[in-house]
Number of protein chains: 2
Amino acid sequence: MPLKADLDAIDWKILRELQHDGRMTNVELSGRVGISAPPCLRRIRRLEETGIIRGYRALLNAPALGLDVVAFCLIGLHHQADAELKTFAERTRGWPIVRDAWMVSGESDFLLHCVASDLGAFQTFVIEELASAPNVDTVRTALTIRRVKDEGLVAFSEVRP
Amino acid sequence: MPLKADLDAIDWKILRELQHDGRMTNVELSGRVGISAPPCLRRIRRLEETGIIRGYRALLNAPALGLDVVAFCLIGLHHQADAELKTFAERTRGWPIVRDAWMVSGESDFLLHCVASDLGAFQTFVIEELASAPNVDTVRTALTIRRVKDEGLVAFSEVRP
DNA sequence: CGCTTCACGCAAGAATCTTTCGTGATTTTG
DNA sequence: CAAAATCACGAAAGATTCTTGCGTGAAGCG
């Protein structure tokens, strides 16, 4: 699956544009990348089918929705055997407060990106769910103050052909 | 700006659907949320204009694009006065490897979400750019092994009216 | 009770999407 | 080297979707 695809300059332009505005119409996009609409649509489909484009997502304004707390949690487990790692990973999927979760190497075993309506809800989650979950050793939390950069996943100045 | 909006159940359904598939057509979306296309489009526009929907983004498959390293960096500064924080925040915007950055409270001052083509590129960045940047005290890195959860920003079971 | 306000949905015109097909450039093959 | 095959582009057309302009009915208010 993670086979390296061979993308030309137009494909990279398409990816950059769709990463910036995922709802751009195909005609608008085709104009920006310098080809006509049909081949542009074919390229989009190909990028989707090969899994290079994993999907599209609306970005929401958390504070405006009453979600005032964004935090990251670094989790250390007592035992890091494969089964234990999978068990904890599965557990994160049942916690709605956890939006993204990564298994990491280093001082911690997992990094959790959390969103909660307020500090009380977040603390309740940390104390009653996270820290009291089986096999959890350490929980370090970092409350976010504000986002200072917000780009897409891929920077093109580093990877473009 | 972060004024709390009053959204009804249909608005929440729209947000949930667009967070799951940001490129869904308006007619498809209107069918899913149970209203006709015109009022559905008007709701989308309103959510966009009020800033509740911040934008749309294509999600890319980093490994397929030759980006094999995703890591998080926790940065501690020597001095945390407002000017120094702003200076470092500004600096993160000039680093293409840094995709998202948060100012945080806790043991560290910033959390950086980084993507690089390989370990060498990442280590070069950490040593030559990050750790040697002015005012940087500590750099702790967590290399990601795999993503174990990947939802949108907002969980609706926690906040829906 | 009557007025205002608001959001819905129908309908129609504009824009877009999507397919089909012919052309030219590049590559492969004999 | 020439012929065949492959590939992607772009024009054109039909299907779908977007977008606007009303008309209607339900709530809120004087």
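**Exercise 1.** How many nonpolar, polar and charged residues does the surface near DNA strand D have? State the classes, then locate the residues in this predicted model.

*Solution.*
Step 1. The surface near DNA strand D has 6 nonpolar, 3 polar and 3 charged residues.

Step 2. Both protein chains supply residues around DNA strand D: A:I35, A:S36, A:P38, A:P39, A:R42 and A:R43 from chain A, and B:T25, B:N26, B:V27, B:P38, B:L41 and B:R45 from chain B.

Step 3. The polar contacts with the phosphate oxygens of strand D are listed next. In B:N26, a backbone N or O atom lies 2.8 Å from a phosphate oxygen of DNA strand D. For a backbone N or O atom of B:V27, the distance to a phosphate oxygen of this strand is 3.0 Å. In B:R45 the side chain takes part, with an N or O atom 2.6 Å from a phosphate oxygen of DNA strand D.

Step 4. Two or more residues of this surface come from each of these elements: α3 (37-49) of chain A, and α2 (26-33) and α3 of chain B. The most, 4 residues, is given by α3(A).

Step 5. Of the strand D atoms within 4 Å of the protein, 67% belong to sugar or phosphate, and the rest belong to bases.

**Exercise 2.** Describe the protein surface near DNA strand C in the order used for strand D.

*Solution.*
Step 1. The classes are 6 nonpolar, 3 polar and 3 charged residues.

Step 2. DNA strand C is surrounded by A:T25, A:N26, A:V27, A:P38, A:L41 and A:R45 of chain A, together with B:I35, B:S36, B:P38, B:P39, B:R42 and B:R43 of chain B. Of the atoms of strand C that come within 4 Å of the protein, sugar and phosphate account for 66%.

Step 3. A backbone N or O atom of A:N26 is placed 2.7 Å from a phosphate oxygen of DNA strand C. Side chains contribute as well: a polar atom of the A:R45 side chain lies 2.6 Å from a phosphate oxygen of the strand, and one of the B:R43 side chain lies 2.4 Å from a phosphate oxygen.

Step 4. The elements with two or more residues at this surface are α2 (26-33) and α3 of chain A and α3 of chain B. The largest share, 4 residues, comes from α3(B).

**Exercise 3.** Which rotation superposes chain A on chain B?

*Solution.*
Step 1. Two copies of a chain are related by a rotation about an axis and a shift along it.

Step 2. Here the rotation is 180 degrees, the shift along the axis is 0.0 Å, and chain A superposes on chain B with an RMSD of 0.0 Å.

Step 3. The two copies are therefore related as by a two-fold rotation axis. The same surface serves both copies, since 100% of the contact residues of chain A recur in chain B.

**Exercise 4.** At what angle do helix α1 of chain B and helix α3 of chain B pack?

*Solution.*
Step 1. Helix α1 (residues 9-20) and helix α3 (residues 37-49) of chain B pack at about 75 degrees, and their axes are 11 Å apart.

Step 2. Angles of 65 to 115 degrees count as roughly perpendicular, so α1(B) is roughly perpendicular to α3(B).

Step 3. On α1(B), the contact is made by B:I10, B:D11, B:I14, B:L15 and B:L18; on α3(B), by B:C40, B:R43, B:I44, B:R46 and B:L47.

Step 4. These contact residues comprise 7 nonpolar, no polar and 3 charged.

Note on methods
Residues are numbered from 1 along each chain as its sequence is written. Chains are lettered from A and ligands numbered from 1 in the order in which they are written. This is a predicted model: local features need pLDDT of at least 70, side-chain atom pairs count only at pLDDT 80 or more; totals for chains, interfaces and linings use all residues. Side-chain values use heavy atoms; hydrogens and water are left out. Axes are lines fitted to C-alpha atoms, for helices over the stretch in contact, and angles run from 0 to 180 degrees between N-to-C directions. Angles under 35 degrees count as roughly parallel, over 145 as roughly antiparallel, 65 to 115 as roughly perpendicular and the rest as oblique. Contact means heavy atoms within 4.5 Å. Ala, Val, Leu, Ile, Met, Phe, Trp, Tyr, Cys and Pro count as nonpolar, Asp, Glu, Lys and Arg as charged, and the others, Gly among them, as polar. A residue is near a molecule or strand if one of its heavy atoms lies within 4 Å of it. A polar contact is a pair of N or O atoms within 3.5 Å; within protein, one must be able to donate a hydrogen and the other to accept it, and residues adjacent in sequence count only if both atoms are side-chain atoms. Copies are superposed by least squares on the C-alpha atoms of residues with pLDDT of at least 70 in both.
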